[in-house]
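Thanks for coming. I would like to go through the salt bridges in this one, and then the chain as a whole.

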Amino acid sequence: MAFSSVSALFLQILVVVSLIHVSLAGRKLNELVVEDQPTLLKYHKGPLLSGKISINLIWYGKFKPAQRAIISDFVQSLYPTKTQTTPSVSTWWKTTEKYYHLTSKKQASFHLTMGKQILDEKYSLGKSLTTRQIVKLASKGDQMNAINVVLTASDVVVDGFCSSRCGTHGSSTSTSKIAHLKGKSYKFAYIWVGNSEVQCPGQCAWPFHQPIYGPQSAPLVAPNNDVGLDGMVINLASLLAGTATNPFGNGYFQGPAEAPLEASSACPGVYAKGAYPGYAGDLLVDSVTGASYNAHGANGRKYLLPAMFDPSTSSCSTLV
């Protein structure tokens, strides 16, 4: 699907859904290839996140405990520890801080912490979800100083999933009692990512699966031995970077606000130096499992993370 048609579809969704902002910066079909890098991401003068921000995980559908641990360990890996192995997830994440230093107001950076994990294993809203229902699920998490992440199981169909997107991020107005009592309007950020293992691994779990089009090469071995969940980590990482730098639709991005290029989505298909269409780059390889990765995480984890646009060098930065 062409990028222009993706934008048209999302504009229709925006009309239907009553949100403050929906940023559709997920990993799309056209992100499986390396394109020209943008020269800059423009700052649109809006607020960024600040202070202590909790990441709440809302699991929709059936996930095994081992699968949930892959994601929760990734979240816990975002900030450094004294015993971390390099290259690390926290080193990758540190690039987002550079955006905060560039604003005229010198906005204070924020600190992410693991929040709640909410399980909805009985599919309370069914197995076919609209964007409005994704926001309803996201609202189950804290609605102040939080990023609420909705993770849908492999048997859940979501509007636009596979046909045009692998996930999305945006914001919505808080309906919490605390906000009501204070008489103020608060916005919380949310992310949605789907498990593509059954529905579209060639789109949303590349390079751990054959791409659906373009140059064909053997799929890489997933570092956590789960094509669906390792693919979710890639998309979650990209959307977290977009949320950090463009949480409410008026932060850092290039192009139309309805379908922006953001900190990570501006670097499609790049995971290491030497990347080209159909080739993720010269990655590290586990000598025992043969798995490809570029970052070490908590509890001995290994992950594959997308390149991030570095505003200090105006180029896509990789860990290896």
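The count of salt bridges comes to 8. This is a predicted model, so every value I quote is computed from predicted coordinates. I will take three of the pairs in turn.

Start with Glu121 and Arg68. They form a salt bridge, and the closest N and O atoms are 4.0 Å apart. The cut-off for a salt bridge is 4 Å. The two residues come from distant parts of the chain: Glu121 sits in the loop between β4 (110-120) and β5 (128-129), while Arg68 belongs to helix α2 (residues 65-76), and 53 residues separate them. Are these two side chains buried or exposed? Glu121 is partly exposed, at 36% relative accessible area. Arg68, with 18% relative accessibility, counts as buried, because buried means under 20%.

The second pair also uses helix α2. Here Arg301 forms a salt bridge with Asp73, with 2.8 Å between the closest N and O atoms. Where do the partners lie? Arg301 is in the loop between β13 (295-296) and β14 (302-303), and Asp73 is in helix α2, so the salt bridge ties together parts that are 228 residues apart in sequence. As for accessibility, Arg301 is buried, with a relative accessible area of 18%. Asp73 counts as buried too, at 8% relative accessibility.

The third pair is Lys116 with Asp142. Their side chains meet in a salt bridge at 3.2 Å, N to O. This one again links distant parts of the chain: Lys116 is in strand β4, Asp142 is in the loop between α5 (131-138) and β6 (146-152), and they are 26 residues apart. Lys116 is partly exposed, with a relative accessible area of 47%. Asp142 is partly exposed as well, at 29%.

Now the whole chain. How many helices and strands does the protein chain have? There are 8 helices and 16 strands. Of the 320 residues in the protein chain, 57% are buried. On contacts, take those with a separation of 6 or more: residues 24 or more positions apart account for 75% of them. The surface that the protein chain exposes is about 13200 Å², and carbon and sulfur atoms supply 56% of that area.

To recap the pairs: Arg68 and Asp73 are both placed in helix α2, Arg68 facing Glu121 in a salt bridge and Asp73 doing so with Arg301. Lys116 in strand β4 pairs with Asp142. That is all I have.

Terms used:
Residues numbered from 1 in each chain as written. Predicted model: local features only at pLDDT ≥ 70, side-chain atom pairs only at ≥ 80, totals over all residues. Heavy atoms only, no water. Helix = DSSP H or I, 4+ residues; strand = E, 2+ residues; numbered from the N terminus. Buried < 20%, exposed > 50% of the residue type's maximum accessible area, 1.4 Å probe, protein only. Contact = heavy atoms within 4.5 Å. Areas by Shrake-Rupley, 256 points an atom, 1.4 Å probe, with all protein chains shown as cover.
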